[in-house]
Every structure is written in structure tokens, then in C-alpha cells.
Amino acid sequence: DMDGAALSVLVDGLSDDGYLADAKVIGSFAWSKTRPSGLDQNGNPNQMLGSTESETGTSYWFGTQLPLLDGKLGLEFNHGSKYWYSFTNGSSDLLNKLATRGDAYEAYYDLPLVGKNLTAQLRYTYIDYDYTGSDTFFGWTGTPTDVDTTPGAVQSATNVRLYLRYRY
């Protein structure tokens, strides 16, 4: 079994009028707890995230979205602990920043081209991993090991993306 919880807050507008009326601030704290039990087909205790013991992970995320020129500038930061497990495995992003065991930084600029129907976005994501196993499933594959002492471990990742979105 696994338990998870999250508390998220969105402040949409920091004033009644002016520049800050269109600003947004977000914050979130999440928690996960594994509860491995039973035996595998070989009679060994089942593992979750590489451990036969119950493990607790946490994550926090905060950011802002500010009006800039005709678009919106977004800045975000995430941090996930050693045993953090995100329930976002279905993410379509190449790098799942919400599942990171370490720090993730993201900046993006959204620009409407034709109202809300045609928009463009330039996004930059940088992830500095502390532990292996980010965005993996249960069993031994999610075992968190220190990336500085694990040969061949990915220590960081970068993603730059420019895309157009059409809504109909």
C-alpha cells in the first residue's frame, strides 16, 4: 500500500488593480508513505522504492506567474526528498519535475498569438538530482541512491522547449 497527501494554494491576483492584479503565486506541500508487506514469489519480503521498511517522502513546490509584455512569465522551484514518490507517472513531459528527488528549476514564457486559441510557449527546465529513482515504479527500480556516489547515475538534466498550442 501507499499513502499520499498534498496541500496546494493558489493566490490569483495580489492586488485589486494594477500590475499585481494579474500576478499569481502557487505553493504546494506533498507527502508520500510506502507500506510494503507480504512476500514475493521467491519468499523474500516485498520492496517498495528499494526498501522492505515503510519510508516517508516529501516534496514542496512554489512559483509565480507574472504579466510581462503581452504574455506571462512563470518561475517555479520544486524539491523532493530521498523517498519522495510522486503520483504523476503519467506525465507527458520528458522530465517530470514533480517527481524529482532533488531540486528542479523552471522558467517559461507564455504568449497569446491569436487570443486563447493559438498560443506559444518557451520553457526551460533544469533538474539537479540528489538521488536516483525519480519517476520510477515500485520494487527495486525506485531505490534511491546518492547520485554523487552511484557510477553512471544521471546527476542533472535540462530541457528547452518551444511549442505552439491550438485550442478549438
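Me: Trp 61, buried or exposed?
Reply: Neither, really: Trp 61 is partly exposed, at 24% relative accessible area. Partly exposed sits between buried (under 20%) and exposed (over 50%), with a 1.4 Å probe and protein chains only. This is a predicted model, where local features need pLDDT of at least 70, side-chain atom pairs count only at pLDDT 80 or more, and totals for chains, interfaces and linings use all residues. Residues are numbered from 1 along each chain as its sequence is written, and side-chain values use heavy atoms, leaving out hydrogens and water.

Me: What polar contact does the side chain of Trp 61 make?
Reply: One with the side chain of Glu 76, at 3.0 Å. A polar contact here is a pair of N or O atoms within 3.5 Å; within protein, one must be able to donate a hydrogen and the other to accept it, and residues adjacent in sequence count only if both atoms are side-chain atoms.

Me: Ok, which strand is Trp 61 in?
Reply: β3, residues 56-68. Strands are DSSP runs of E, at least two residues, numbered from the N terminus.

Me: And how many bridges join β2 to β3?
Reply: 10, with β2 (residues 24-34) running antiparallel to β3. Phe 29, for one, has Tyr 60 in β3 as its bridge partner.

Me: What's the strand order in the whole sheet?
Reply: It's an open sheet of 7 strands, β1-β2-β3-β4-β5-β6-β7, with antiparallel pairing. Two strands pair if DSSP finds at least two bridges between them.

Me: Which strands stand at the edges?
Reply: β1 (2-12) and β7 (156-166); each has a single partner strand, so one side of each lacks a neighbour in the sheet.

Notes
Helices (H or I, at least four residues) and strands (E, at least two) are DSSP runs, numbered from the N terminus.
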